[in-house]
Amino acid sequence: MADTAFLVVDMMNAYRHPDADKLIPNVAEIIDPLGRLVAQARERDDVDLIYVNDNYGDFTAQPSDIVQSALDGERPDLVKPLAPTPSCRFLTKVRHSAFYATPLDYLLGRLEIQNVVLTGQVTEQCILYTALDAYIRHFDVIVPRDAVAHIDAELGEAALRMMESNMGARLVDAASCLK
């Protein structure tokens with residue numbers, strides 16, 4: 001049984017939003033390390049791979065709709081390497097935290113998860129708030145710093161420091177994350 005949940009947060013993105021131009025170069029930097037981590041997570045029996053993605057206000061959207069919209073977006077090259085397989089767990093969210101108004105807490109409890117690995121975008125928003133919600137639920141939080149993307153470098157770095165110092169998150173490199 002797995003004791004680690006590997007969360008891929010908000011990577012199914014069409015990049016048609018006001019911050020897209022600032023975000024895209026930073027996402028491009030994490031695609032390779034994050035892609036390798038996702039591939040490793042898919043192969044491991046002790047890791048549960050879970051996608052949690054914004055539904056962008058479309059409450060009729062199925063996971064496949066969100067993925068297809070991202071693949072049809074401005075930067076499919078940032079989506080294809082990470083696209084979930086049909087058998088992947090995929091939850092939709094409506095706000096910053098992957099826990100807010102989602103069944104994630106319940107799912108992690110049913111899976112008897114102890115560790116939560118946070119990857120994806122945006123470090124200073126969705127990753128930070130998800131880390132806080134994981135911390136207050138007594139999960140051990142792990143953040144591979146080269147598998148999260150920021151909009152603002154200064155705020156992204158501040159968010160990582162906050163996760164480490166205030167929430168006890170373990171900041172690691174992607175290469176050592178699932179070893």
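Q: What radius of gyration does the chain have, and which value would a compact globule with 179 residues have?
A: The model considered here is predicted. For 179 residues, a compact globule would have a radius of gyration near 16 Å. The value found for the chain agrees with this, and it is 15 Å.

Q: What does the C-alpha trace of the chain span along its principal axes?
A: The extent of the chain can be described along three principal axes, using the C-alpha trace. The spans are about 35 × 35 × 30 Å.

Q: How many helices and how many strands does the chain have?
A: The order of the elements along the sequence is β-α-β-α-β-α-β-α-β-β-α-β-α. In this pattern β stands for a strand and α for a helix, and the secondary structure comes to six helices and seven strands.

Q: What percentage of the contacts with a separation of 6 or more joins residues 24 or more positions apart?
A: Contacts in the chain can be sorted by the separation of the two residues along the sequence. Among those with a separation of 6 or more, the share from residues 24 or more positions apart is 81%.

Q: How many positive and how many negative side chains does the chain have, and how far apart do the centres of the two sets lie?
A: The chain has 16 positive and 27 negative side chains. Each set has a centre, and the distance between the two centres is 1 Å.

Q: Why is strand S2 described as largely enclosed by the rest of the structure?
A: A residue counts as buried when its relative accessible area is under 20%. On one side of S2, Val-47, Leu-49, Tyr-51 and Asn-53 are buried, and on the other side Asp-48, Ile-50, Val-52 and Asp-54 are buried as well. S2 is therefore largely enclosed, since the number of its residues that are buried is eight of the eight.

Q: Which residue of S2 stands opposite Val-9?
A: Strand S1 (residues 4-9) and S2 run parallel and are joined by six bridges. Val-9 belongs to the range of S1, and the residue opposite Val-9 in S2 is Val-52.

Q: Which residues of S4 point one way, and which point the other way?
A: In a regular strand the side chains alternate between the two faces of the sheet. S4 is mostly covered, with seven of its seven residues buried. Asn-115, Val-117, Thr-119 and Gln-121 point one way, and the other way point Val-116, Leu-118 and Gly-120.

Q: Which residue in S5 is the bridge partner of Asn-115?
A: S4 pairs with S1 in the parallel sense over six bridges, and within this pairing Phe-6 stands opposite Val-117. S4 also pairs in the parallel sense with strand S5 (residues 140-144), over three bridges. In S5, the partner of Asn-115 is Asp-140.

Q: Is Gly-35 buried or exposed?
A: Gly-35 lies in helix H1 (residues 20-43). Not counting residues up to four places away in sequence, Gly-35 touches Ile-30 and Leu-82. The cut-off for burial is a relative accessible area under 20%. Because Gly-35 has a value of 19%, the residue counts as buried.

Q: How far apart are the C-alpha atoms of Gly-35 and Ala-83?
A: Along the chain, Gly-35 and Ala-83 are 48 residues apart. In space, the separation of their C-alpha atoms is 9.5 Å.

Q: Which residues are in contact with Glu-164, leaving aside its neighbours within four places in sequence?
A: Glu-164 is found in helix H5 (residues 153-167). With a relative accessibility of 43%, Glu-164 counts as partly exposed. The residues in contact with Glu-164, once the neighbours in sequence are left aside, are Ala-169 and Leu-171.

Q: What is the phi of Tyr-15, and where is Tyr-15 placed?
A: Tyr-15 is in the loop between S1 and H1. At 3% relative accessibility, Tyr-15 counts as buried. Tyr-15 is a residue other than glycine, yet its phi is positive, near 55°.

Q: Which residue in the loop between helix H3 (104-110) and S4 has a positive phi although it is not a glycine?
A: The residue in question lies in the loop between H3 and S4. Its phi is about 60°, and its name is Glu-112.

Q: Which two residues does a cis peptide bond join?
A: One of the two residues is in the loop between strand S4 (115-121) and helix H4 (123-136). The omega of the bond is about 0°, and the residues joined are Gln-121 and Val-122.

Methods: Residues are numbered from 1 along each chain as its sequence is written. This is a predicted model: local features need pLDDT of at least 70, side-chain atom pairs count only at pLDDT 80 or more; totals for chains, interfaces and linings use all residues. Side-chain values use heavy atoms; hydrogens and water are left out. Helices (H or I, at least four residues) and strands (E, at least two) are DSSP runs, numbered from the N terminus. The radius of gyration is taken over C-alpha atoms; the globule rule is 2.2 Å times the number of residues to the power 0.38. Contact means heavy atoms within 4.5 Å. Lys and Arg count as positive and Asp and Glu as negative; His and the chain ends are not counted. The place of a charge is taken as NZ of Lys, CZ of Arg, CG of Asp or CD of Glu. Buried means under 20% relative accessible area, exposed over 50%, partly exposed in between (1.4 Å probe, protein chains only). Two strands pair if DSSP finds at least two bridges between them.
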